[in-house]
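Okay, everyone, thanks for coming. Let me put today's structure up on the screen, and then I'll walk you through its ligand site and its internal spaces.

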Amino acid sequence: MRISVTGCGYLGAVHAAAMAQLGHDVIGIDVDVHKIDRLAAGEPPFFEPGLPELLTESIASGRLRFTTDPAAAAAATAHFIAVGTPQASDGNAADLRYVDAAVDALLPAIGPGHVVVGKSTVPVGTAARLAERIQSTGARLVWNPEFLREGYAVRDTVEPDRLVYGMEAADEASVAVLDEVYAHAIGLGTPRMITDFATAELVKVAANAFLATKISFINAMAEIAEVVGADVTQLADAIGHDPRIGRRFLNAGVGFGGGCLPKDIRAFTARAEELGRGEAVAFLKEVDNINLRRRRRVVDLAMAELGGSAVGRKVAVLGVTFKPHSDDVRDSPALDVAVALKGLGAEVVATDPKGIANARARHPQLEYAEAVEEALRGADLVILVTEWPEYTAIDPVAARGLVAGATIIDGRNALDRDDWVAAGWRYRGMGRS
Ligand code: UGA
């Protein structure tokens with residue numbers, strides 16, 4: 001299948017490279033010349049495990065190319081839209097300008113027999129509007145939400161949990177095109193569902209709303225546990241044994257961040273309000289509030305451990321990305337904590353295996369250390385906010401020899417408390433006595 005992918009960020013670049021590796025002929029398109037130049041040279045402009053190898057192999061095979069010229073899409077039959085839908089600067093709604101621009105740019109390149117495939121996360125109702133826009137070209141639109149996780153994006157793209165094709169009306173020709181694109185996943189027995197546009201759009205936001213709610217649920221339990229001296233990790237283990245609940249996504253800590261869950265629950269709330277059904281998802285505001293309270297909780301804990309004043313105290317912050325195995329610092333709880341403590345007068349030294357460049361671009365006022373030892377040296381307080389394996393593997397005995405004050409706040413409940421306490425540390429978890 002000849003494929004174009006418009007938008008070569010965390011979603012589109014991985015999709016383009018993975019589709020090429022599966023045997024398709026792919027052209028990746030983006031307006032950002034710098035990004036395209038790097039991708040064409042086989043260098044991902046962001047960190048994603050497995051992507052460098054995938055890019056190199058696919059480019060070498062001749063099946064993957066990159067360009068800034070939207071006219072290049074004319075050679076393709078399936079046209080994926082993978083641009084971002086960030087939170088609008090003036091409110092909670094999604095900013096659809098990149099989706100609209102991507103579709104407009106495709107218009108001269110598409111015609112009968114072509115299928116435009118929407119992957120971006122959009123407010124329900126967007127696909128119907130875009131379908132009208134492309135109608136005169138004779139091309140069809142399918143809404144095909146993406147469920148990949150950063151850090152596991154290659155695997156999630158090649159072997160997705162499910163495939164959803166949202167369509168305006170029964171359209172066997174478009175289904176056949178997508179079945180060919182996804183022949184590998186379908187061959188593995190991946191469930192494939194055909195729905196209408198609105199259902200497909202809602203599947204995506206509902207999935208992210210559910211995941212966000214699950215995390216905030218356990219963080220709400222952490223708030224209660226903190227008052228009564230209970231242990232939220234044991235509580236999560238115990239309720240997680242019930243298969244109806246499940247243990248995954250029940251890790252209490254500093255909460256969720258990233259370019260998806262926070263903005264998606266806000267955009268969903270804004271859309272539901274526009275539709276006159278704001279009350280149906282009003283709980284998502286509470287999910288957001290609980291989540292943001294966890295960042296404050298870490299800062300409050302830090303202030304308490306510093307005796308009420310952070311001025312002139314060195315705080316080592318382990319992690320700046322929103323989760324491990326990514327360099328993404330968008331809406332990162334870790335970075336928020338670091339910035340808040342800096343604002344309170346602390347000498348914050350943050351470290352991260354992959355996220356320092358992105359963090360520095362956003363917050364040049366923070367001090368960054370490449371090596372974890374450098375961040376720890378002389379610190380009055382250590383805060384783990386992103387559970388990189390490098391940090392969960394730190395030897396507490398060796399670390400004790402570097403710091404000035406042996407207190408650690410485990411913002412992800414990721415460390416072995418007993419080991420740290422045995423090494424002479426004062427350990428503070430989240431929702432743990
Ligand atoms: C999320 C969804 O998991 C994907 O299915 C979806 O495709 C993607 O958004 C998207 O909409 O594009 P992602 O943002 O990569 O993926 O990250 P997650 O793995 O979902 O983690 C989100 C945040 O929740 C992270 O900050 C993580 O640390 C936090 N988290 C996760 C917790 O605080 N506790 C948990 O138990 C699990």
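Before anything else, one definition: when I say "domain" here, the bounds come from an automatic or database domain assignment. And keep in mind that this is a predicted model.

With that in hand, let's go to the largest cavity. Where does it sit relative to the domains? Well, domain 1 covers 2-195 and domain 2 covers 205-288, and both of them give residues to the lining, so this cavity lies between the two. Its volume is about 70 Å³. On the wall you'll find Thr85, Ala94, Thr121, Val122, Pro123 and Val124, along with Val205, Lys263, Asp264, Ala267, Phe268 and Arg271. The element that gives the most to that lining is α11, with 5 residues. If you sort the wall by class, you get 7 nonpolar residues, 2 polar and 3 charged.

How many cavities of 30 Å³ or more are there in total? The structure holds 3 of them. The second largest has about 50 Å³ of space in it. Its lining is made up of Arg2, Ile3, Asp25, Val26, Ile27, Arg65, Ala72, Ala75 and Ala76. Two strands, β1 (2-6) and β2 (25-29), each supply at least two of those residues, and the largest share, 3 residues, is from β2. No polar residues in this wall, by the way: the split is 6 nonpolar and 3 charged.

Okay, on to the ligand. The shell around the ligand has 21 residues, and the ones that come nearest are Leu148, Glu150, Lys204, Asn208 and Phe322. Which helices each bring at least two residues to that shell? Those would be α9, which runs 197-228, and α11, at 261-274. So there's α11 again, the helix that gives the most to the lining of the largest cavity. In the ligand shell, though, the largest share belongs to α9, with 4 residues. By class, the shell divides into 10 nonpolar, 7 charged and 4 polar residues.

Now, some polar pairs, and each of these involves an oxygen atom of the ligand. Two of them go to the backbone: a polar backbone atom of Gly257 is 3.1 Å from a ligand oxygen, and a polar backbone atom of Leu250 is 3.4 Å from one. Then there's a side chain, Lys323, with a polar atom 2.9 Å from a ligand oxygen. And how much of the ligand is covered? On its own, the ligand would expose 710 Å², and the protein buries 90% of that.

Last stop: the second largest pocket, which has a volume of about 220 Å³. It's lined by 13 residues, and closest to its centre are Ala131, Ala139, Arg140, Leu141 and Glu168. Helix α5 (126-134) and strand β6 (140-143) each supply at least two residues of that lining, and α5 gives the most, with 3. The class split in this pocket is 8 nonpolar, 1 polar and 4 charged.

To wrap up, the picture I'd like you to take away: a largest cavity between domain 1 and domain 2, and a ligand with 90% of its 710 Å² buried by the protein. Okay, that's me done, so let's go to the discussion.

How values were computed. Residues are numbered from 1 along each chain as its sequence is written. This is a predicted model: local features need pLDDT of at least 70, side-chain atom pairs count only at pLDDT 80 or more; totals for chains, interfaces and linings use all residues. Side-chain values use heavy atoms; hydrogens and water are left out. A residue is near a molecule or strand if one of its heavy atoms lies within 4 Å of it. A polar contact is a pair of N or O atoms within 3.5 Å; within protein, one must be able to donate a hydrogen and the other to accept it, and residues adjacent in sequence count only if both atoms are side-chain atoms. Accessible areas come from the Shrake-Rupley method with a 1.4 Å probe; for residues, only the protein chains shown count as cover. Ala, Val, Leu, Ile, Met, Phe, Trp, Tyr, Cys and Pro count as nonpolar, Asp, Glu, Lys and Arg as charged, and the others, Gly among them, as polar. On a 1 Å grid over the protein atoms alone, a cavity is a set of points where a 1.4 Å probe fits but cannot get out, and a pocket is an open set with protein on both sides within 12 Å along at least five of seven lines; lining residues have an atom within 4 Å of a point. Grid points are joined across faces, edges and corners, and a volume is the space filled by probe spheres set on the points.
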